[in-house]
Amino acid sequence: MPLFEDHILTNIFDRLKTYACSDIFLPIFALILLTLYVLARVLRPYLTTSENMLENTQESGSSLPPPAKILFTKLIYFSLNATCLHLYFVANEHRYFFKL
Amino acid sequence: MFFSFGQGTWQQYGFERRFNPLVFLDLTFLFGITHHPVVLNFYILCVHALELWLLYKFFDFIKPQKRLILLGLFSVLPSTLWTLPINFTERWMLIEILLSLLCFKNFLKTHRFQSVLGFLFWANVACYVKETCFLFYVMLFICLILWRIYQNDIVLASFLHPVRSIQKMPLEFLLGLSLLFWFIQYIFVCLDFTTNSYLLDRQANFLEIICLYKFELTLTVISLFCVFSQKEVSLFNKLILMAHVLSVFFILFILRLISVDYMYGITYYVYVPIAFILMGLGCVKKNFVFYFWISLSLFAVLLINKEIFKHHQGQFNLEMSEFVKKLHDTNLIVDSSASYVLGGRKFELAYVKAFYRAFQNDFLKQNVKIKFEPSDDFLFPEEEDDLILIDKVEKGDYVLIKKNAQEKVVSDITVSYPRQKVFENKFYLIYQITGAE
């Protein structure tokens, strides 16, 4: 099986055409987004929050833990992910078809 | 999803059972670029990595090492692990909701107009990808309004001055309007809860719900306790958590949704809420308590995954196929209830073909012909003449039936003949016709 299909741009264009021409959802969706945009523009002067809903949040994104802790955490993280991926690839093989 | 392989998806608008016109749009274009399984798996990994990264960004108030451990646990949750195959749209739902909430958070920090537009755009996209996203935003809207009432921003007089009220709460107004637009379309396009066959097919009783979602429900209670017992957690995060908890309760106890039986044990309906609920554990201050809950959760998750894995290895399918492999010089009539379950959707030619092909090579040697039941919904194109439909039933034929099929579609042709049960397991029944005209 080839890694990528031939005529990728044509394929994408055809699929876009199929999707866009298949029903009336896209114009309705565009109209909804446009309405919301116009209303948001109208309400722009009032778009301020009276109270701070984010107060008490202590961001700790920038404070990194010591190196040993980082290593330990990464080890746990990657081992869990490795388990997850292993299970996924094995399960995928057996998913819906029989072992005949 | 299946049709996006060949020609791309189309908008599912006016389809009475579901209202998710933007679903699988990514696969439409992906399958135009490649069909190679390695690239497709790589794509899944990239999307999974993106959702993990966004979760990491969103929960910036949790310490990094706790966040990473929680993300690791998230990756092995039953709802995450078993939705990794490509035909689940849950990953994109989570990404879209996270993007909208990140914009919301950014708006609260900076009051930038672009953040409001981003929030509205991603919230709308998410709602039209799957109905459960709409539920979350409804619950978020309710939580925001309740908070406003609590703050005395909404009083009885507010209803007399709607314009002034809107000016006071523009974001709530815009979100409510988006949800109203969605709901109006849903009413016109889809059937209601009581007659919608998609919901009716997947509804279960209270006991089944508790059994299937035992882990998720326990986690929800623990997470609620952890978050609301901490004063340091901001109001915004508490509102988001409450919205997710409410949407979980709505899905489980009002809609009463469970996975269909060929997706045994996969709790994909709570995929998005449970990600946020799990991250709530990170609010626990004491390390000992945090690691205790994590260890307990990991142990429970591994047990549940082991059970699902056993089931997904297809032990019931395997038992049935072991029996079928012993047959020689006969006909096997596949009831439409069985072809539905084996394939995933009733009467879709591609699924039935997949079932047929799996048997074909072995059965040519054994001289076993597989026959399918004719149906008005099940139209074979002329070139598909290698699939045999039932013309007549003979003595000695076997009939494969799925037990407790959600839609009782047992063939009238085979039911009228005397028959004897020759095989039975949890999923399947095989009869042999003992008398024919």
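## Close-up views of chain B

**Figure 1. Val324(B) in its surroundings.** Val324(B) counts as buried because 22 C-beta neighbours lie inside 10 Å, and a residue needs 20 or more within that distance to be classed as buried. The model shown here and in the other views is predicted. Val324(B) belongs to helix 16 of chain B, which covers residues 315-325. Tyr398(B) is 74 residues away from Val324(B) in sequence, yet the C-alpha atoms of the two are 9.3 Å apart in space.

**Figure 2. The largest nonpolar core and another core apart from it.** The largest nonpolar core has 97 residues, and the members that touch the most others are Ala275(B) and Leu278(B). Helix 5 of chain B (residues 90-110) contributes the largest share of this core, with 11 residues. When residues up to four places away in sequence are left out, Ala275(B) touches Leu55(B), Phe74(B) and Leu94(B). Apart from the largest core lies another, of 15 residues, which includes Val324(B), Ile333(B), Phe427(B) and Ile433(B).

**Figure 3. Helix 9 of chain B and its two faces.** Helix 9 of chain B runs over the 20 residues 170-189. At 1.5 Å a residue the helix should span 28 Å, and its end C-alpha atoms are 29 Å apart, which agrees. The buried residues of this helix are Pro170(B), Leu171(B), Leu174(B), Leu175(B), Ser178(B) and Trp182(B). They lie on the same side of helix 9 of chain B, because the arc they cover around the axis is only 150 degrees. An α-helix has 3.6 residues a turn, so residues three or four places apart point the same way. The face turned away from the buried side carries the exposed residues Leu180(B), Ile184(B), Ile187(B) and Phe188(B). The cover over the buried residues includes helix 2 (25-42) of chain A. From chain B, it includes helix 6 (113-129), helix 7 (131-150) and helix 8 (162-168).

**Figure 4. The hairpin of strands 5 and 6 of chain B.** Strand 5 (residues 419-424) and strand 6 (residues 428-433) of chain B pair in the antiparallel sense, over 5 bridges. The two strands form a hairpin, with 3 residues between them. Gln420(B) has Gln432(B), in strand 6 of chain B, as its bridge partner.

**Figure 5. Chain B as the setting of these views.** Chain B contains 19 helices and 6 strands. Its 437 residues include 41% that count as buried. Among the contacts in chain B with a separation of 6 or more, 73% are between residues 24 or more positions apart.

Methods. Residues numbered from 1 in each chain as written. Chains lettered and ligands numbered in written order. Predicted model: local features only at pLDDT ≥ 70, side-chain atom pairs only at ≥ 80, totals over all residues. Helix = DSSP H or I, 4+ residues; strand = E, 2+ residues; numbered from the N terminus. Expected span 1.5 Å × (residues − 1). Buried ≥ 20, exposed ≤ 12 C-beta atoms within 10 Å, placed from the backbone. Arc of directions from axis to C-beta. Contact = placed C-beta atoms within 7 Å. Core = buried A, V, L, I, M, F, W, Y, C linked by C-beta atoms within 7 Å. Pairing = 2+ DSSP bridges.
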